Amino acid sequence: MGVLIQDGIIEAGDGVMAVDYLGQTFKGDLLPNGKIKSHETNLIFNNPSAWAIYCKKIVNPSKKSGCGESKLSLKKKKEKIFYIYESVRGGEKQKKKKRK
């Protein structure tokens, strides 16, 4: 994420990251160094996957990391949203940047 920030593709900011999982939304700040700070716990994560897995475990601690459907998104200028990845039941499915 840090390289994407340096190259001007994405911007750091407060509350620009979100994980949606089983009807719950977790918010996070994208820091200038590319790390993510969770609003719920104030923990700092090195990458989006680590943060998403942590959020899933908060909701459903007994399940493994790849369980259920989830969506990790980054809010961009002018309310455009880029989906970093979306997992579906049966395994994770990588998605390219998609504008909403």
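Begin with the largest nonpolar core of this predicted model. Select Met17, Val19, Leu30, Trp51 and Leu74: within this core of 14 residues, they have the most contacts. Next, colour strand S1 (13-21), strand S2 (24-30), helix H2 (48-59) and strand S5 (70-75), the elements that each give two or more residues to the core. In soluble globular proteins, nonpolar side chains tend to be buried together.

Now centre the view on Val19. With its neighbours within four places in sequence left aside, Val19 is in contact with Gln24, Thr25 and Phe26, and also with Trp51, Ala52 and Cys55. Lys71 and Leu72 complete the list of its contacts.

From the core, move along helix H2 to Tyr54, which lies in that helix. Which residues should be displayed around Tyr54, once its neighbours within four places in sequence are left aside? They are Thr41, Leu43 and Phe45, each in contact with Tyr54. For a backbone reference, draw a distance between the C-alpha atoms of Tyr54 and Ser38: the separation is 9.9 Å, for residues 16 apart along the chain.

Keep Tyr54 selected and add the ring of Phe45. The two rings form an aromatic pair with centres 5.2 Å apart and planes at 50°. The pair counts as tilted because its angle falls neither under 30 degrees nor over 60. The count of aromatic pairs comes to 1. Are the two partners buried or partly exposed? Phe45 is buried, with a relative accessible area of 10%, whereas Tyr54 is partly exposed, at 30%.

Then switch to a surface representation and select Leu43, Tyr54 and Ile58. These residues form a nonpolar patch on the surface, and together they have about 240 Å² of accessible area. Leu43 is found in the loop that runs between strand S3 (36-38) and strand S4 (44-45). Leu43 is partly exposed, with a relative accessible area of 38%.

Finally, zoom out to the whole chain and colour by secondary structure. The chain has 2 helices and 7 strands, and from the N terminus on its elements run α-β-β-β-β-α-β-β-β. Of the 100 residues in the chain, 32% are buried. Among contacts between residues at least 6 apart in sequence, 34% join residues at least 24 apart. With the surface shown again, the chain exposes about 6300 Å², of which carbon and sulfur atoms supply 49%.

Definitions and conventions: Residues numbered from 1 in each chain as written. Predicted model: local features only at pLDDT ≥ 70, side-chain atom pairs only at ≥ 80, totals over all residues. Heavy atoms only, no water. Core = buried A, V, L, I, M, F, W, Y, C linked by side-chain atoms within 4.5 Å. Buried < 20%, exposed > 50% of the residue type's maximum accessible area, 1.4 Å probe, protein only. Helix = DSSP H or I, 4+ residues; strand = E, 2+ residues; numbered from the N terminus. Contact = heavy atoms within 4.5 Å. Phe/Tyr/Trp six-rings, centres within 6.5 Å; stacked < 30°, edge-to-face > 60°. Patch = residues over 30% accessible without salt bridge, like charges linked within 9 Å, V, L, I, M, F, W, Y side chains within 5 Å. Areas by Shrake-Rupley, 256 points an atom, 1.4 Å probe, with all protein chains shown as cover. Salt bridge = Lys/Arg side-chain N within 4 Å of Asp/Glu carboxyl O.
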